[in-house]
Amino acid sequence: MREKSINSSDFIGKVFGRLTVTECSEKRGKRGEILWKCFCSCGNAAEVPQTDLLRGNTVSCGCKKRENNQNIYRQLRLVDGTCIDFLEKRKTRKDNRTGKIGVSLYGERYRANITLQGKRYYLGTFDSLEEAVEERKRAEEELHGAFLKAYYDRKKEEQSEARAIASGK
Ligand SMILES: [Zn+2]
């Protein structure tokens, strides 16, 4: 991947979402890309590829994504019957044009998303369809696991309540 070289004095101090660029890293990314050391508003440090900063792919040390995931889980806990809905729907729903569930075209790129209780959560935008499909799959597995756990936890609680009532406690 070719990258325009950026004058570090122009780049240091720039803010991308929660990240503030502090210095150019001596390390290089997996594909040889330029990495910038950044300071995240949550207090963590992160080294982020220049291209991800410029394209808006990375806007935090990872904390924003974690918060999004937590929001998803919070939603999950509210539900019960929708567990089944979700598992059923994911079998059939395909987004237009990419032919992949939960992946839509976004300009020349691919955007992964997951819909839960009528609300769509964006998982990120990717250069390749494969990456977007991969991310969607990962989120699905995470959600799937969390869903089933929440569902069975609830069931267990209900059962022990029922037992308590039956035994007259
Ligand atoms: Zn952070």
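Strands β2 (residues 19–28) and β3 (residues 34–40) run antiparallel to each other and are joined over 6 bridges. They belong to an open sheet of 4 strands, ordered β1-β2-β3-β4 with antiparallel pairing. Keep in mind as you look around that this is a predicted model. In total the protein has 5 helices and 7 strands, and 18% of its 169 residues count as buried.

**The four-stranded sheet**

- The edges of the sheet are β1 (15–16) and β4 (45–49), each of which pairs on one side only.
- β1 meets β2 in the antiparallel sense over 2 bridges, with F16 standing opposite L19 of β2.
- L19 is also a handy marker for the next pairing, since this residue stands opposite C40 in β3.
- On the other side of the sheet order, β3 and β4 are antiparallel partners over 5 bridges.
- If you want a residue pair to locate that register, K37 has E47 in β4 as its bridge partner.
- As general background, strands of a sheet pair through backbone hydrogen bonds, in either a parallel or an antiparallel way.

**The hairpin turns**

- Between β2 and β3 the hairpin has 5 residues, and G32 adopts a positive phi near 80° there.
- The hairpin of β3 and β4 has 4 residues between its strands, and here G43 takes a positive phi near 110°.

**The nonpolar cores**

- Which residues make up the largest nonpolar core? This core has 9 members: V103, Y110, A112, I114, L123, F126, A132, A139 and L143.
- Three elements, β6 (109–116), β7 (119–126) and α5 (129–166), each contribute at least two residues to this core.
- A132 is a good place to start exploring: leaving aside residues up to four places away in sequence, A132 touches V103, Y110, R111, A112 and F126.
- A second core, separate from the one above, has 6 residues, among them V21, W36, C38 and V48.

**The chain as a whole**

- Reading from the N terminus, the elements follow the order α-β-β-β-β-α-α-α-β-β-β-α.
- Among contacts in the protein with a separation of 6 or more, 33% are between residues 24 or more positions apart.

Technical notes: Residues are numbered from 1 along each chain as its sequence is written. This is a predicted model: local features need pLDDT of at least 70, side-chain atom pairs count only at pLDDT 80 or more; totals for chains, interfaces and linings use all residues. Two strands pair if DSSP finds at least two bridges between them. A nonpolar core is a set of buried Ala, Val, Leu, Ile, Met, Phe, Trp, Tyr and Cys residues joined through C-beta atoms within 7 Å. A residue is buried if 20 or more other C-beta atoms lie within 10 Å of its own, exposed if 12 or fewer, and partly exposed in between; C-beta atoms are placed from the backbone. Two residues are in contact if their C-beta atoms, placed from the backbone, lie within 7 Å.
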